[in-house]
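User: I would like to learn how to read a structure of several chains step by step. Could you take me through it, giving the general idea and then the case at hand?

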Amino acid sequence: MILRILKNDIGGKVFLLVLLTTLIAVPVLNQLPAEHTFHISIYTVTLLGKYLTYALLAVAVDLVWGYLGILSLGHAAFFALGGYAMGMYLMRQIGERGVYGHPELPDFMVFLDWQELPWFWSGFDNFGFAMLMVLVVPGLLAFVFGWFAFRSRVTGVYLSIITQALTYALMLAFFRNEMGFGGNNGLTDFKDILGFSLQADSTRLALFVASGVALALGYLSCRALVKSRLGKVAVAIRDAEDRTRFIGYKVEYVKLAIFTFSAMLAGLAGALYVPQVCIINPGEFQPLNSIEVVVWVAMGGRATLYGAVIGALGVNYAKTWFTAAFPEIWLFALGGLFVVVTLLMPRGIAGLFSRKKGGES
Amino acid sequence: MKRTLLNASVGAALLAGTMFSAIASAADTIKVGVLHSLSGTMAISETTLKDTMLMLIEEQNKKGGLLGKKLEPVVVDPASNWPLFAEKARELIEKNKVDAVFGCWTSVSRKSVLPVFEELNSLLFYPVQYEGEESSKNVFYTGAAPNQQAIPAVDYLMNEIGVKRWVLAGTDYVYPRTTNKILEAYLKAKGVAEKDIMINYTPFGHSDWQSIVSDIKKFGSAGKKTAVVSTINGDANVPFYKELGNQGISAQDIPVVAFSVGEEELSGIDTKPLVGHLAAWNYFMSVDAQENDAFIEAWQKFIKSEDRVTNDPMEAHYIGFNMWVEAVKKAGTTDPAAVQEAIVGVAVPNLTGGLSAMMPNHHVTKPVLIGEIQDDGQFDVVWKTSGLVAGDAWSDYLEGSKDIISDWRAPLSCGNYNVKTANCSGQNF
Amino acid sequence: MLIRSLIILLLLMTTSAQAAKVETGNDAYNPIFEALYTGSFTEKEQALKDLMQTDIEDKKKFLNGIVNKTLMVHKKSKKVVWVEKQGSKFKMTDAFSGEDLGLDKKRKVKKFAINNKMRSQVSALISTMDLDSDDAEKRLAAINSMLANPAPEYAGFLKQRLDKESNNKVKQAMQLGIALADLGHEDTEVRLAAIDNVADSLAPAVRSALANMAENDTDKQVREAAQKVVLEQEEQVRFFGYIETLFFGLSLGSVLVLAAIGLAITFGVMGVINMAHGELIMLGAYTTYLMQQAMPDSVGLALVLSIPAAFIVSGVVGIGIERSVIRFLYGRPLETLLATFGISLILQQMVRTVISPQNVPVSNPEWMSGFIQINSVLSITYNRMYIILFCLAVFALLFFILKKTRLGLEVRAVSQNRAMARAMGIRSSRVDAMTFGLGSGIAGVAGVALSQLTNVGPNLGQAYIVDSFMVVVFGGVGNLWGTLIGGMSLGVVNKFMEPWTGAVLAKILVLVFIILFIQKRPRGLFPQKGRAAEG
């Protein structure tokens, strides 16, 4: 089945192979003694885990941008919502170990004098429910948003701009302390997940592997989707929306389905991101973050899916390296990179490998 | 071309990066991490602190270093991105093996790195005034707690200026929320009526202050002396003060006392319309003291500009760094655990002509000064606490925290010990 | 503070009693200035009163000198001197003998430290002197400053002067003052008459006095009269409140329009998603700063000259961006987003590196600060008024360029049908560059305006980029009128919501409103018609 999905997808095969190798190699190399040349520190493991969640987010963006032609400047919002859902679960897990020792209320509610848990926090102490919400909340938002937008035939730059408005509005909303999500500080000081301490190396390794598996599954499902009839229609919509509509396809529903699915993937990525970085706050909703994701995808190569992964890993690695090596001038390098890639490599890094035509609108 | 790119993709490059840095950390120096944003929104405030640290380290090296070794600064850029703060903190401690980190500005960045420092048992010196309600074994709070800034300022306005009506204006985040909560409770305890307190929150970077200033003007025209207690965050201050000036509100009519406006912020404002507005800090550049003169001279020489100013968080770093140096000398090692033990009780000169000491709750003692803004962008001190004020981690005016104390000395060794329930909660170790 | 100054005093006494004293050349003045120099604030307040009793001729000049920091003490000679800034040094003249004392470093002279209370005291002292001034404006200001803190004893004082007063305006102010003082009179009839007299005034002192009487007066009749007036006045205040909010909304709208209008050209007309638009605004603001640095003595002139300068700077940078990057990306609008995003990062960091990561100060010229007092509850600030006018002027100019000039014609032709325009002999690449330059230049001009309202720093652009896109999309891409009306209405809606919802929620609701509005009218307020609308 997997092989059928990956038929004709050489890039995808290579990518999954590399991913699989990394997922096995990293935990093994981590077990080596610290002095060993090939030892991978737990710091690097978490870093890689974080990158993998970014990569999943990038795949989600590539699905709607590359194959459906919707440039979403608000995908970070779905990512952050998934992250908040996970954060709420982790917050509830703290229980009595908060600084004020309150059995139910998170610390930020105690010192802002909240008397009881707001209704939307209930249920989040249950892992299953929280995981459901990780998918449902971003999915529902995307569904409602898409329902309105696609039916009114909002397209192109208009759609991009209102997705940006969406994430901006959410950012401002989550900044408000009255919302009950911890305001600017967001949710932090997590202790454990499913009873495992978040600071333990084994938990970190597990989260890393989970992120990798999620990325692989996310990739495969996107690839399967793209290869399906639905995916073919999506590409048709991307290339000629009106013609597709006139042939008789329900363009709105196709868009809605794929957009919602993509949002759920982004939410999942966010949920895996939060336990690894141990903080979620409204900064994740920043419009700039969403633009950055788009930049990763463009950099890696649009409409290839594995290109999105390359872009996400490449840019983020560059960022980590630049911020440590040239803290004063790293923005020049990063900015320059964007310009050069768009100008000289319009099909991204993946475009350099693939000989086949297409993939560009 | 193809092959090199393939090589560079995915895991391979990352692996190479880690190997490389693992080899390069064996030189015989004491490493000091500097964790301040050099890009993004917070670069405005934090870049100066990075430079301050570089200067302090350079000066210490001129004096012969520490324990016979040279100090080596390791600067990274967390780019005003909160999760990145945690990542960079981990990088500093695990990869670069620094012995102490000086950094962070916003509360959220501190909250983000806190678990990292506790997990890896390293040291963070945090130089900015904050909302309190926290005490970590691994963090030393050298900036002001609310009782070292807000409460004395309100006392001054109430007793010396005779203010009867209060506007508490702040940016909507945890520092103003907490500070205003404390102040509200404090004012009510002093007999101020509910209707004489107006509380207002605005978003970050708020730039259109017309309606709010106009409301303040109306609130202040009720015949009682009115003052604004401002916890408005950095960027939003310039348009706020400009609007005050434009609507003709002078410091004589309605004084504004700010907790986040220092010399550095004023250097970005034309201060002529602001003369007489107030700020409460533990240090002002204009303070007449030998240490201060020397510090200013060294700073301006280091930064190669006679126009650069000094401010309170810089003094906090000065105090924090010197305390760390003294503690390392006392402990005879840079081992964080030993330094944690040794640093409590260490007293070093501050820049206002006195000694500041590290308290058992990891906060420091400082004088509280009230200054009036001058047209040259400086503050004139108009009032000063008679002695030093010790930072209080847990406010006595908040319901949740009035029973909590912090003492990191054995045998208690607890950051939030509830004296009523005799329970130590919220520890991660 | 007190202890500190005592210690200083003690120290000075023990070392050399002679040098401790501030030297004025007159034994009667010496202790006064000594107290002003080193005394506690209580001593200083007394010293100011003593100063008024001396035979110093131009007391006002000395009082102003203390407040404005032009009167200082030379630390070494202890002489009281007038100082004048010359470069990084001070030029000193003896305050009493007028002798030229040469130049010295800033740190060698020390000012008389004062606080707010003393500042109020000085302005009160000056205004009492102004009551006798020949200038009616000054007399009026003096009276008004007295009325700000009314006291019953003013009535007699003002009555005495009323007959001597010739100027009508000043007379009215005095009558109001008398009536205000009469509100506290023990005779009921006098109080009732006074209520009638002040009923037309919305001055805060009057309103708070009346509100107080309406509740607390001993006489029922008086209470009722006061209540009636209070209700009437509240009605008026509410009405003026609406006008004020409308004005606030329009001025916020103008800021939005200014920020967005350059984008309306680059994005609206050319279809380039220019993420560096905010940074072009920032460059304009920095140009203003540099102009003011270049001519520190004429802030206003520098500001006016900044308008063309900023237009040129941002315009040239814009043309540079267009020629080097964007022209390779036409037809791929979404990719312009990525490239210009990179450019915006570079421009931001460039400003941080070249100028400073800190915000820089840009001062407002005299004529920009202050306000027009329409009545006691409604005043219109000059700078907001200028911003509205400036916005309209920029809009008119741009409109003129696009509709009436050859460049405008070509721009419209290229944006509507590039192939056809080229066939007609228009050099479309040159037009592209010029259009982008125009849009960027206008962004620079917006930066000049914003520099008067908000921070000038590396983050300036980011703060406005999202709002700008919203305004353009809301108004309708490719339509200048849409941008104007869209921006203005968003501003007004925002300001009318603010009192109920608070600033944060108002902004969120406006965004939600835009999102919903776009669903209803996917092409904005004023959609483009015809072929150009496709795509």
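User: To begin with chain A, what percentage of its 361 residues count as buried?

Analyst: Before any figure, keep in mind that this is a predicted model. Of the 361 residues in chain A, 55% count as buried, and the chain is built with 15 helices and 4 strands.

User: What radius of gyration does chain A have, and how should I read it against a compact globule?

Analyst: The idea is to set the value beside the one expected for a compact globule of that length: for 361 residues this is near 21 Å, and because chain A has 21 Å, the two agree. Taken along the principal axes, the C-alpha atoms of chain A fill a box of roughly 60 × 55 × 45 Å. Contacts add a further view, since among those in chain A between residues at least 6 apart in sequence, 77% join residues at least 24 apart.

User: How do helix H3 and helix H12 of chain A pack, and at what angle?

Analyst: Two helices can be described by the angle and the distance between their axes. Helix H3 of chain A, residues 42-68, packs against helix H12 of chain A, residues 287-300, at an angle of about 75°, with the axes 9 Å apart. That angle makes H3(A) roughly perpendicular to H12(A), because angles of 65 to 115 degrees count as roughly perpendicular.

User: Which residues of H3(A) and H12(A) meet there?

Analyst: From H3(A) come Leu57(A), Ala58(A), Val61(A), Asp62(A) and Trp65(A), and they meet Val293(A), Val294(A), Trp296(A) and Val297(A) in H12(A). Sorted by character, the residues of this contact of H3(A) with H12(A) are 8 nonpolar, no polar and 1 charged.

User: Turning to chain C, is it spread out or compact by the globule rule?

Analyst: Chain C holds 21 helices and 7 strands. Its radius of gyration is 31 Å, whereas the globule rule gives 24 Å for 535 residues, so chain C is more spread out than a compact globule. The C-alpha trace of chain C spans about 90 × 70 × 40 Å along its principal axes, and 45% of its 535 residues count as buried. For contacts in chain C with a separation of 6 or more, residues 24 or more positions apart account for 66%.

User: In what order do the strands of the open sheet in chain C lie?

Analyst: Strands of a sheet pair through backbone hydrogen bonds, in either a parallel or an antiparallel way. Here 5 strands of chain C form an open sheet in the order E4-E3-E2-E1-E5, and the pairing is antiparallel. Strand E4 (100-105) and strand E5 (109-111) of chain C are the edge strands, each pairing on one side only. On average, neighbouring strands of this sheet are turned by 45° against each other, direction ignored.

User: Which residues stand opposite each other, and where are the hairpins?

Analyst: Strand E1 of chain C, residues 71-74, pairs with strand E2 of chain C, residues 80-86, over 3 bridges, and Met72(C) stands opposite Val81(C) in E2(C). E1(C) and E2(C) form a hairpin with 5 residues between them, in whose turn Lys78(C) has a positive phi of about 65°. E2(C) is also joined by 6 bridges to strand E3 of chain C, residues 89-94, where Glu84(C) has Lys91(C) in E3(C) as its bridge partner. The hairpin of E2(C) and E3(C) has 2 residues between the strands, and Gly87(C) takes a positive phi near 65° there. E1(C) is joined to E5(C) by 3 bridges as well, with Lys110(C) in E5(C) as the bridge partner of Val73(C).

User: How many residues of chain B and of chain C are in contact with chain A?

Analyst: An interface can be read by counting the residues on each side, and then asking which elements supply them and what character they have. In chain B, 48 residues are in contact with 48 residues of chain A. Several elements of chain B each supply at least two residues to this side, including helix H1 (2-8), strand E2 (70-76) and helix H7 (174-189), while H4(B) gives the largest share, 8 residues. The side of chain B that touches chain A divides into 19 nonpolar, 16 polar and 13 charged residues.

In chain C, 30 residues are in contact with 34 residues of chain A. Helix H15 (333-354), helix H20 (460-475) and helix H21 (480-520) of chain C each supply at least two residues of that side, and the largest share, 12 residues, comes from H15(C). The residues of this side of chain C are 24 nonpolar, 4 polar and 2 charged.

How values were computed:
Residues numbered from 1 in each chain as written. Chains lettered and ligands numbered in written order. Predicted model: local features only at pLDDT ≥ 70, side-chain atom pairs only at ≥ 80, totals over all residues. Axes fitted to C-alpha atoms, helices over the stretch in contact; angles between N-to-C directions. Parallel < 35°, antiparallel > 145°, perpendicular 65-115°, else oblique. Contact = placed C-beta atoms within 7 Å. Nonpolar A, V, L, I, M, F, W, Y, C, P; charged D, E, K, R; others polar. Pairing = 2+ DSSP bridges. Rg over C-alpha atoms; globule rule 2.2 N^0.38 Å. Buried ≥ 20, exposed ≤ 12 C-beta atoms within 10 Å, placed from the backbone.
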